[in-house]
4 protein chains.
Amino acid sequence: MKEFSVGEEIAAFVAERDWAQFHTPENLAKSISIEAAELLECFQWDAEASPERVREELADVLTYCLLLAERIGADPNQIIVDKLAVTREKYPVDKARGRSTKYDAF
Amino acid sequence: MKEFSVGEEIAAFVAERDWAQFHTPENLAKSISIEAAELLECFQWDAEASPERVREELADVLTYCLLLAERIGADPNQIIVDKLAVTREKYPVDKARGRSTKYDAF
Amino acid sequence: MKEFSVGEEIAAFVAERDWAQFHTPENLAKSISIEAAELLECFQWDAEASPERVREELADVLTYCLLLAERIGADPNQIIVDKLAVTREKYPVDKARGRSTKYDAF
Amino acid sequence: MKEFSVGEEIAAFVAERDWAQFHTPENLAKSISIEAAELLECFQWDAEASPERVREELADVLTYCLLLAERIGADPNQIIVDKLAVTREKYPVDKARGRSTKYDAF
């Protein structure tokens, strides 16, 4: 059973440090790109990467994504499900199955 | 803020299309950077952005993040909380409060 | 008068270190994204940035771009001019002048 | 490898369209990240990419880099050479030769 709520943990962390003032949607979008590149850096010269480092960098991307979702009043799970429905129409199973042209799926 | 609970919906979507074959950790890391840049594009020339477009692009980043978490066997909620604990030590409240030097917090 | 050739300096630098083996087009493309994010980090929380830091990060992006151009046998100046011609057709002066919708110019 | 010599062509292109007003250093830094991700997209699911598409996307990254150099009053060739000198000290030949740990060279 879950004893914690991730959203509340992040919100408390930010509030304690008085950092919400920096978290405009634009700054958070920049931050997501910056953290995504740190994650990519784990794979810069090699397809293999340190699992520990990948977990930490992925966590940073996710944290800024949750902060942006909160900031724009979006439910992260809901927007994922909504977008899946859009993509489902764009890439119906019978056309998309196993094709490498899927590269613009999202 | 919510925690993530849509892993199964995403997994079903990918399985129907037989796309897991493309989802190496390295390819997913590239995909996260690519989608993060599409999100950033909403703010390329302006701090204001279309809320609808931001929601969709954020959903794409999140979807690839959850796919990578699944692929490396990590619980997305858990790695966020674990990384917050690390950052908490690095940026104790009394030193970090309201400082703009927080830019390397994550 | 120029006493140096930038391309030769970079090539010598790489050769001395035997690093060409890492420089596949894919790895260089990842590296360009990673360095671009370090440049963006100069502006993460503020529109103002340290000029020295911006110069250094911009130099890193440019260096990897030149390495990729070399690797794929492209003349960097020529591909810029060629692409300007394409964009010129897409955005003729009379339609594009001063419009903020220019965001997808490139 | 060539050095850069097309600053005037780019400047004329921008001036005709009256686009300099959008080209703050921050916006150009965002643009470089966005275009770098479009270049990366050529390699999203595969180490092979269309040479034509790579040339066009690389040209876009370079164009924004030269615009930023111009905007901050930096000579693109000079900052590359200056940064190489810094990296040369950080990664002396005898320590860096052929090592995969070169990933943070720039």
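Which residues in α4(A) meet which residues in α3(B)? Before selecting anything, bear in mind that this is a predicted model.

**First stop: a contact between chains A and B**

Select helix α4 of chain A, residues 76-90, together with helix α3 of chain B, residues 51-71, and you will find the two packed at an angle of about 95 degrees with their axes 8 Å apart. Angles of 65 to 115 degrees count as roughly perpendicular, and α4(A) and α3(B) are therefore roughly perpendicular to each other. On the chain A side, show the side chains of A:Pro76, A:Ile79, A:Ile80, A:Lys83 and A:Val86, which meet B:Arg55, B:Glu56, B:Leu58, B:Ala59, B:Asp60, B:Leu62, B:Thr63 and B:Leu66 on the chain B side. If you colour this contact by residue class, eight of its residues come up as nonpolar, one as polar and four as charged.

**Second stop: α2 and α3 within chain B**

Keep α3(B) selected and add α2(B), whose axis comes within 9 Å of that of α3(B) and crosses it at roughly 165 degrees. An angle over 145 degrees counts as roughly antiparallel, so α2(B) and α3(B) are described in that way, and their crossing is left-handed. The residues that α2(B) brings to this contact include B:Pro25, B:Leu28, B:Ile32 and B:Leu39, while those from α3(B) include B:Val54, B:Leu58, B:Val61 and B:Leu68. By class, the contact of α2(B) with α3(B) holds 12 nonpolar, one polar and seven charged residues.

**Third stop: α2 and α3 within chain A**

Now move to chain A and select α2 (residues 25-41) with α3 (residues 51-71), where the axes come within 9 Å and cross at roughly 165 degrees. With that angle, α2(A) and α3(A) are roughly antiparallel to each other, and the crossing between them is left-handed. Among the residues to display are A:Ser31, A:Glu35, A:Glu38 and A:Glu41 in α2(A), and A:Arg53, A:Glu57, A:Asp60 and A:Arg71 in α3(A). The class count for the contact of α2(A) with α3(A) is 12 nonpolar, one polar and seven charged residues.

**Last stop: the cavity**

Leave α2(A) on display and add α2 of chains B, C and D, since each of these four helices supplies at least two residues to the lining of the largest cavity. The count comes to one cavity of 30 Å³ or more, and the largest cavity has a volume of about 80 Å³. To outline this cavity, select A:Ser33, A:Ala36, A:Ala37, B:Ser33, B:Ala37, C:Ser33, C:Ala37, D:Ser33 and D:Ala37, which line it. Which helix gives the most to this lining? The helix is α2(A), with three residues. Taken by class, the lining of the largest cavity divides into five nonpolar residues, four polar residues and no charged ones.

Methods. Residues numbered from 1 in each chain as written. Chains lettered and ligands numbered in written order. Predicted model: local features only at pLDDT ≥ 70, side-chain atom pairs only at ≥ 80, totals over all residues. Heavy atoms only, no water. Axes fitted to C-alpha atoms, helices over the stretch in contact; angles between N-to-C directions. Parallel < 35°, antiparallel > 145°, perpendicular 65-115°, else oblique. Left-handed = near helix turned anticlockwise from the far one by under 90°. Contact = heavy atoms within 4.5 Å. Nonpolar A, V, L, I, M, F, W, Y, C, P; charged D, E, K, R; others polar. 1 Å grid on protein atoms, 1.4 Å probe; cavity = no way out; pocket = protein on both sides within 12 Å on 5 of 7 lines; lining within 4 Å. Points joined across faces, edges and corners; volume = space filled by probe spheres on them.
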